[in-house]
Every structure is written in structure tokens, then in C-alpha cells.
Amino acid sequence: MPQGGVKQIAVNRQARHEYFVEESLEAGIELFGTEVKSIRCGGVNLKDAWCDFEGLELYVKQMHISPYEKGNIFNKDPLRPKRLLLHKRELRRLYGLVKQQGLTIIPLQLYLKNGLVKVEVGLCRGKKLYDKRADMAKRDAQREMERALRARNR
């Protein structure tokens with residue numbers, strides 16, 4: 001999770017609902033100038049985004065970056081695959097985990113760190129319906145306990 005000097009741009013809230021996040025890591029992302037400007041304006045959506053390997057390179061698919069208003073001919077396709085920048089050792093390890101254990105790589109959030117756009121990607125395992133129900137029940141119980149404590153302290 002990013003710390004100081006970081007401005008959060010977008011969060012994939014649905015990812016933590018749909019998947020168990022086993023591990024997360026920070027990656028750079030290859031973007032064009034108008035895409036960066038659009039991201040700084042908040043024109044990005046991670047809702048349906050996922051990552052896939054093409055050869056030994058990792059790409060983010062279905063991450064929608066809105067065209068920059070003043071970008072005219074320099075705007076790129078909003079849904080084009082964007083390459084993630086990771087060390088070769090990290091890519092090999094992730095590739096092995098995805099192929100052997102059936103895990104999925106999902107972008108969890110997008111943020112600016114020291115002026116650079118970074119993506120937090122999570123190595124995830126899919127949740128079943130009963131897992132989602134258990135999480136919702138746990139959240140509801142926690143909310144009820146906090147409510148009772150606040151009412152008691154008044």
C-alpha cells in the first residue's frame with residue numbers, strides 16, 4: 001500500500017469483493033502523454049481491468065483511460081492494453097504462479113508517486129459465493145458492534 005508523497009487516483013473496490021488478494025506489488029505503467037494528463041484529471045476506470053501475459057510481458061487489459069479533452073490527434077484508444085513495468089525476475093515469478101496455481105493478476109489501485117503513475121497489482125484467488133456472504137456477514141457484525149459501542153458511550 002502506498003505511503004507518504006502519494007496521491008491516490010483510482011481504486012478497484014470490486015476486486016477485493018470478488019477475489020482474495022494473496023499478495024500485492026507495485027508496478028510502473030507504460031503510458032503516452034495525453035493518457036497521463038487524463039489520469040491526473042481523474043479520467044480512469046479500473047472496474048473491469050485485469051492483467052495478462054503476452055510472451056514474458058505483463059499487460060493491463062480493459063483499463064479505461066478517458067481521452068484527454070485537449071489531446072486531439074494525440075489521444076490513444078481508451079481500452080488499449082498497457083504494459084506494466086516490472087523486473088524480469090518478478091515477471092517470471094508471477095508467470096509461474098499464474099500458470100501453476102491458477103491465480104489471477106488484478107490491478108487494485110492507481111496512484112501518483114513522486115510524479116510517476118504507479119499501479120498496485122494483486123495476485124488474487126477468486127471467491128466463491130459463500131465466501132462473499134461470509135465477508136458480508138463479518139462486516140455487518142463489525143458494524144453492529146461499533147454501533148453498540150457508540151450508543152453505550154453516549
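Start with the whole chain shown as a surface: about 10,100 Å² is exposed, and carbon and sulfur atoms supply 49% of that. The areas come from the Shrake-Rupley method with a 1.4 Å probe, and for residues only the protein chains shown count as cover. Before you click further, note that this is a predicted model, where local features need pLDDT of at least 70, side-chain atom pairs count only at pLDDT 80 or more, and totals for chains, interfaces and linings use all residues. Residues are numbered from 1 along each chain as its sequence is written, and side-chain values use heavy atoms, with hydrogens and water left out.

**The whole chain**

Switch to cartoon. You should find four helices and nine strands, running β-α-β-α-β-β-β-β-β-α-β-β-α along the sequence. Here helices (H or I, at least four residues) and strands (E, at least two) are DSSP runs, numbered from the N terminus. Along the principal axes, the C-alpha atoms fill a box of roughly 60 × 40 × 30 Å. Of the 154 residues, 36% count as buried (buried is under 20% relative accessible area, exposed over 50%, partly exposed in between; 1.4 Å probe, protein chains only). Take the contacts (heavy atoms within 4.5 Å) between residues at least 6 apart in sequence: 69% of them join residues at least 24 apart.

**Select 88-101**

This is helix α3, and its 14 residues should span 20 Å at 1.5 Å a residue; the end C-alpha atoms are 20 Å apart, which agrees. The expected span is 1.5 Å times one less than the number of residues.

Now show side chains. Which residues of α3 are buried? They are L91, L94, L97 and V98. Look down the axis of α3 and these buried residues fall within an arc of 130°, so they line one face of the helix. The arc is that of the directions from the helix axis to the C-beta atoms. An α-helix has 3.6 residues a turn, so residues three or four places apart point the same way.

Colour the strands next: the buried residues of α3 pack against β2 (19-29), β4 (50-54), β5 (57-61), β8 (104-113) and β9 (116-126). Turn to the face of α3 pointing away from its buried side, and you meet the exposed residues K88, R89, K99 and Q100. Just after α3, stop at G102, which takes a positive phi of about 70°.

**Select T34**

Jump to helix α2 (residues 33-40), where T34 is found. Is T34 buried or exposed? T34 is buried, since its relative accessible area is 13%. Beyond its neighbours within four places in sequence, T34 is in contact with Y68, G71, F74, N75 and K76.
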